[in-house]
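Hi,

Here is the structure I promised to send over. Have a look at it first, and then read on for my notes.

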Amino acid sequence: MSSRIPLVDLAAAHEEIAEEVRAGFDEVLATTGFVGGPQVAAFEHEYAAFGGVRHCVGVANGTDAVELALRAVGVGAGDEVIVPVNTFAATAEAVARIGARPVFVDCDRHTCLIDVPAALAAIRPATRAVIPVHLYGQLAPVEELQEGLAGTGVRIVEDAAQCQGATRKDRTPGSGPGAIAATSFYPGKNLGAYGDAGAVLTDDDELARTVRTLGSHGGLTKYAHDLVGVNSRLDALQAVVLRAKLRRLPRWNVARRSAAGYYDKLLADVTDVVTLPTVLPGNEHVWHLYTVQVPARDAVLAALEAEGIGAGIHYPVPLHRTGAFATEASFSNAEHVAAHTLSLPLHPHLTRDQQERVAAALGRALSAHRSL
């Protein structure tokens with residue numbers, strides 16, 4: 001029987017960096033510098049350079065990164081923040097945790113990125129920020145939001161949790177005057193830690209200082225509490241892992257692009273029933289996920305699972321249909337995507353033989369659906 005093909009192969013990634021990580025862990029353990037220290041400072045410097053920004057501020061996780069970025073640009077209790085409804089709950093959670101209100105808008109049905117006209121139409125006097133989510137590995141059209149928001153005072157806080165290494169028209173998340181972005185290093189990301197970790201990215205010196213202050217109990221020196229902050233810092237052991245993976249990330253992202261291109265070829269004959277991913281012109285995609293849309297999605301998923309294919313769903317329930325954020329509103333594109341989306345296995349160590357197995361299994365599942 002053929003071995004299972006996982007959605008993400010973290011074991012293969014670990015095997016590639018295990019020796020380097022072990023040496024780094026030994027160094028941290030010997031010095032007992034577990035919070036902050038040279039490993040964290042080195043990673044922040046290296047990731048800022050990789051991301052084309054002046055500042056990378058390491059934090060405890062991606063949710064904190066969004067919250068701290070929002071707080072840094074002045075979002076507070078009673079404000080409204082526009083959020084695409086087809087995102088992971090953390091995007092809206094970060095808004096709610098500071099007492100602000102998430103205002104949901106729809107997505108584009110093809111790219112699944114935020115519907116910019118809908119976001120601009122949702123601006124009200126209480127609107128303080130918009131969060132474009134860079135979904136599946138490609139950037140949302142931030143420049144269109146910037147143009148539409150000019151003169152309004154509404155800030156853009158980018159959720160860049162799925163796009164380490166991606167660009168749009170040569171721009172990176174968090175780069176440019178006043179820009180700020182939050183990212184996650186959850187283990188399954190293109191750049192993943194061995195636990196929770198995240199960062200805030202910006203070119204703005206004052207925003208970076210504010211985020212670092214907020215994430216360190218409101219002060220940059222011990223027992224100095226200039227702001228009401230939180231405890232959200234990147235630890236040294238995670239920085240060791242992230243530094244080792246960052247050295248390989250450009251090559252890993254190339255492998256992801258190659259795998260995505262091969263899926264495009266393998267699935268070319270079933271595009272009458274399968275909607276392949278759409279890349280927005282001007283984007284350099286890093287393929288955090290290869291997400292298609294299929295009919296009878298749950299049945300297709302079950303058929304793939306029965307053949308040992310670790311497919312997934314991102315995301316099965318739009319936020320306005322969850323218990324935490326339920327509304328009476330309807331967002332037809334997001335609801336369509338949620339009912340049809342299917343993420344196929346994709347990671348840097350995926351082989352072409354495995355991809356061919358995935359495509360063949362998907363073809364059989366679709367044929368079974370056609371025959372019903």
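Which backbone nitrogen does a side-chain oxygen of D9 reach at the start of α1? The partner is A11, whose backbone nitrogen has the D9 oxygen within 3.3 Å. Please keep in mind that this is a predicted model.

Since we are at helix α1, let me stay there for a moment. Helix α1 covers residues 10-31 and bends by about 60 degrees at I17. I17 is also one of the buried residues of this helix, along with A12, A13, A18, V21, G24 and V28. If you are wondering what these buried residues pack against, the partners are α2 (38-51), α8 (236-246) and α9 (249-266). After α1 comes T32, which has a positive phi, near 55 degrees.

Next, the empty spaces.

The largest pocket holds about 570 Å³ of space. Its lining is made up of 25 residues, and F88, Q162, Y186, K189 and Y315 are the closest to the centre. Two helices that each supply at least two lining residues are α3 (62-72) and α4 (89-97), and α3 gives the most, with 3 residues. By type, the lining of this pocket has 11 nonpolar, 11 polar and 3 charged residues.

There are also cavities: searching the whole structure turns up 3 of 30 Å³ or more.

The largest cavity has a volume of about 130 Å³. Of the 16 residues that line it, H110, Y136, P277, T278 and T291 lie nearest the centre. Strand β10 (residues 290-293) contributes the largest share of this lining, 3 residues. What kinds of residue line the largest cavity? The lining divides into 7 nonpolar and 9 polar residues, with no charged ones.

The second largest cavity, at about 90 Å³, brings us back to the helix we started with. Both α1 and α9 supply at least two residues each to its lining. That lining counts 13 residues, and those nearest the centre are L10, A13, K189, R256 and P348. You have met two of these already: A13 is among the buried residues of α1, and K189 is among the residues closest to the centre of the largest pocket. The lining of the second largest cavity comprises 6 nonpolar, 3 polar and 4 charged residues.

Happy to go through any of this with you.

Best wishes

Notes. Residues numbered from 1 in each chain as written. Predicted model: local features only at pLDDT ≥ 70, side-chain atom pairs only at ≥ 80, totals over all residues. Heavy atoms only, no water. Bend = angle between axes of the 7 residues up to and from the residue. Helix = DSSP H or I, 4+ residues; strand = E, 2+ residues; numbered from the N terminus. Buried < 20%, exposed > 50% of the residue type's maximum accessible area, 1.4 Å probe, protein only. Contact = heavy atoms within 4.5 Å. Polar contact = N/O pair within 3.5 Å; in protein donor to acceptor, adjacent residues only side chain to side chain. 1 Å grid on protein atoms, 1.4 Å probe; cavity = no way out; pocket = protein on both sides within 12 Å on 5 of 7 lines; lining within 4 Å. Points joined across faces, edges and corners; volume = space filled by probe spheres on them. Nonpolar A, V, L, I, M, F, W, Y, C, P; charged D, E, K, R; others polar.
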